[in-house]
There are 2 protein chains.
Amino acid sequence: LRGSPIIGVTLGDPGSIGPEILLKALNADPNPQRYLIFGSLRVLQHHAEMLNIPFSSTQIRIEDVDNISEPYFGPRPKQSGPATIDYLERAFEFLQQNRIQGLLTGPIHKESWHISGYNYPGQTEYCASKANVSEFAMVMVGETFRVAVLSTHLSLRDALPLVHKENIERKLGLLYRELKRLGFDPPKIACAALNPHAGEAGAFGSEESKEIAPAIAELRNSGILVDGPIAPEVIFRQAAATKKWDIILSMYHDQAMIPIKLLDFERCANVTLGLPFIRTSPDHGTAFDIAGKGSANPGSMIYAMQLAWDWTLRTQQ
Amino acid sequence: LRGSPIIGVTLGDPGSIGPEILLKALNADPNPQRYLIFGSLRVLQHHAEMLNIPFSSTQIRIEDVDNISEPYFGPRPKQSGPATIDYLERAFEFLQQNRIQGLLTGPIHKESWHISGYNYPGQTEYCASKANVSEFAMVMVGETFRVAVLSTHLSLRDALPLVHKENIERKLGLLYRELKRLGFDPPKIACAALNPHAGEAGAFGSEESKEIAPAIAELRNSGILVDGPIAPEVIFRQAAATKKWDIILSMYHDQAMIPIKLLDFERCANVTLGLPFIRTSPDHGTAFDIAGKGSANPGSMIYAMQLAWDWTLRTQQ
């Protein structure tokens, strides 16, 4: 594997479905040696035994972070908060030493972080902070769509004021640079409208004419072509039918999530762009309610592993 | 056809694709005699000739409203405004006399109505006013989904305040009664959330706990079961995968339109529920840019015609 990238994979919450989907995904992967696991070997072995999932510690690469003395299932915030931070810290050391080139983060329980005193909204913000990056983009990548979101975990009411020119301009610029770095040259980008029928010439809202169109015009002035704003009910259908865009920028969380979950369910994953490395994650949480039952679907984890490897390779070419 | 319903079909804007899709849909229908056209025979004949669409006035039923002396293509507000109102007025006379039992309205140009002094936001409001009805629901019906919208043509900003308890309760109650009348007994109804992850227990918005859940609870008290609020990224996927609901109430226009246009494009149509009769319409506008070119797709018109007939029949059983 000389010259091939190695992808770090954090275990995620040790009481969650994280270990289970990781074990299943490693078994499904044609080349599991390209991943390096950051987490408790003891936990992995326990989950494998309890759930009857084949596991050989000699066939996978693991950086054992032995911080859970008695494996368990379910939420235990005071144990899992520090444990999941440990896995990430160790992975970041390896990133800084270039011993891994990409990162996949397993699911964590945000509540456990808050209870344990780690004041990051989530792993995305943790990664940005560790990498000294203030601008990043959350992108959902699936078989049909690649969709970035202008804002993520906010109420719809709070997401509306973020639909402003500078914000859209910055996000589109970031997507352009990052996609170019990934080999999409030039990147074909489309920008969704916010309002029904793209505002119908101002009758149903002014964000299209006052914020989105001027942002797109600014980019055009600097030589970056972006299609839009395109009505929400049109852009996803056209994207699916024609595959003519490499990425779509959506104006709020569900505008992106509804179509991608509909067409690419379990065949999609999250990517954070804007970091010095590619970081992916499965598109679901800890699912404590089914932890330890063996029924967790590894689809998105498999997709996230493959994607982290593919896109990290792209950045090196 | 004794005892079978007759569906009135208005021509729509005479310069639009309305006549073309009507002609194509009539040719595609196994039993065109169950429709009665309200519009200009002269216009229909002109469109048929210009576009080479087979048309025999002896094989279709038409109430000729001869108000366009020289047929044309494109927008002519001062002619099409009064002309389209004439077609609707005549159709309403027939509805009142029970000579037709359902209605399909062809596409009109709202601007032409405003220029001509008809102050209805659209045909839905015209129908509600003529029928003395103040409460109605716009529903998109497709092969995969039936989705009602809490609010229709408003900016997203203006749609948010309408997500309030009484409004949701009234709309769900109306859907329940109307679906029951249509033979869904009992109707299986689901209600979408407004915010990402259904508000994630209040972290991303309070409408779920303060407005939507209390509305659903009120209905339960009166014996009407409604599932929800369910996260927007979950409800449409589950509906498509399981078909377990007869209808979904969505909280704003695009929440409904994105998924239905994605899965049911050209196999869906609008229905207005709450009127004394079933009224349908194709899910597109006048499309003046392609009027007279022969390229208009009659898919949604065919669907709207079939649906008007099927659902009118259901109300009579």
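Is His47(A) buried or exposed? His47(A) is buried, at a relative accessible area of 0%. The legends below describe close-up views of a predicted model.

**View 1. His47(A) and its surroundings in helix H2 of chain A.** His47(A) belongs to helix H2 of chain A, which spans residues 41-51. Its relative accessible area is 0%. Leaving aside neighbours within four places in sequence, His47(A) is in contact with Pro14(A), Ser16(A), Pro19(A), Glu20(A) and Leu23(A). Tyr72(A) and Phe73(A) are also in contact with His47(A).

**View 2. The buried and exposed sides of helix H2 of chain B.** Helix H2 of chain B covers residues 41-50. Its buried residues are Leu41(B), Val43(B), Leu44(B), His47(B) and Ala48(B). These residues span an arc of only 160° around the axis, so they lie on the same side of H2(B). An α-helix has 3.6 residues a turn, so residues three or four places apart point the same way. Glu49(B) and Met50(B), on the other side of H2(B), are exposed. Cover for the buried residues of H2(B) includes helix H1 (18-28), strand S2 (35-39) and strand S3 (61-64) of chain B. Just after H2(B) comes Asn52(B), with a positive phi of about 55°.

**View 3. Strand S11 of chain A, covered on both faces.** Strand S11 of chain A runs over residues 278-282, and five of its five residues are buried. In a regular strand the side chains alternate between the two faces of the sheet. Ile278(A), Thr280(A) and Pro282(A) sit on one side of S11(A). Arg279(A) and Ser281(A) sit on the other. Both sets are buried.

**View 4. The strands that pair with S11(A).** Strand S4 of chain A (residues 102-105) runs parallel to S11(A), joined to it by three bridges. Here Leu104(A) stands opposite Thr280(A). Strand S10 of chain A (residues 268-273) runs antiparallel to S11(A), with four bridges. In that pairing Val271(A) stands opposite Thr280(A). S10(A) and S11(A) form a hairpin, with four residues between them. Gly274(A), in the turn, has a positive phi of about 110°.

**View 5. A right-handed crossover between S7(A) and S8(A).** Strand S7 of chain A (residues 189-192) and strand S8 of chain A (residues 226-230) pair in the parallel sense, over three bridges. Ile189(A) stands opposite Val226(A) in S8(A). From S7(A) the chain passes through helix H8 of chain A (residues 207-221) to S8(A). This β-α-β crossover is right-handed.

**View 6. Cysteines without a disulfide.** The structure holds zero disulfides over all chains. A disulfide is a covalent bond between the sulfur atoms of two cysteines. For Cys127(A), the closest cysteine sulfur is in Cys268(A), 19 Å away, too far for a bond. Cys127(A) is buried, with a relative accessible area of 0%. Cys191(A) is buried too, at a relative accessible area of 0%.

**View 7. Chains A and B about a two-fold axis.** A turn of 180° and a shift of 0.0 Å along the axis lay chain A on chain B, with an RMSD of 0.0 Å. The two copies are therefore related as by a two-fold rotation axis. In chain A, the C-alpha nearest the axis is that of Pro259(A), 3.1 Å from it. Of the interface residues of chain A, 100% are also interface residues in chain B, so the copies meet through the same surface.

Definitions and conventions
Residues numbered from 1 in each chain as written. Chains lettered and ligands numbered in written order. Predicted model: local features only at pLDDT ≥ 70, side-chain atom pairs only at ≥ 80, totals over all residues. Heavy atoms only, no water. Least-squares fit on C-alpha atoms with pLDDT ≥ 70 in both. Contact = heavy atoms within 4.5 Å. Disulfide = S-S within 2.5 Å. Buried < 20%, exposed > 50% of the residue type's maximum accessible area, 1.4 Å probe, protein only. Pairing = 2+ DSSP bridges. Helix = DSSP H or I, 4+ residues; strand = E, 2+ residues; numbered from the N terminus. Right-handed = clockwise from strand over helix to strand, strands pointing away. Arc of directions from axis to C-beta.
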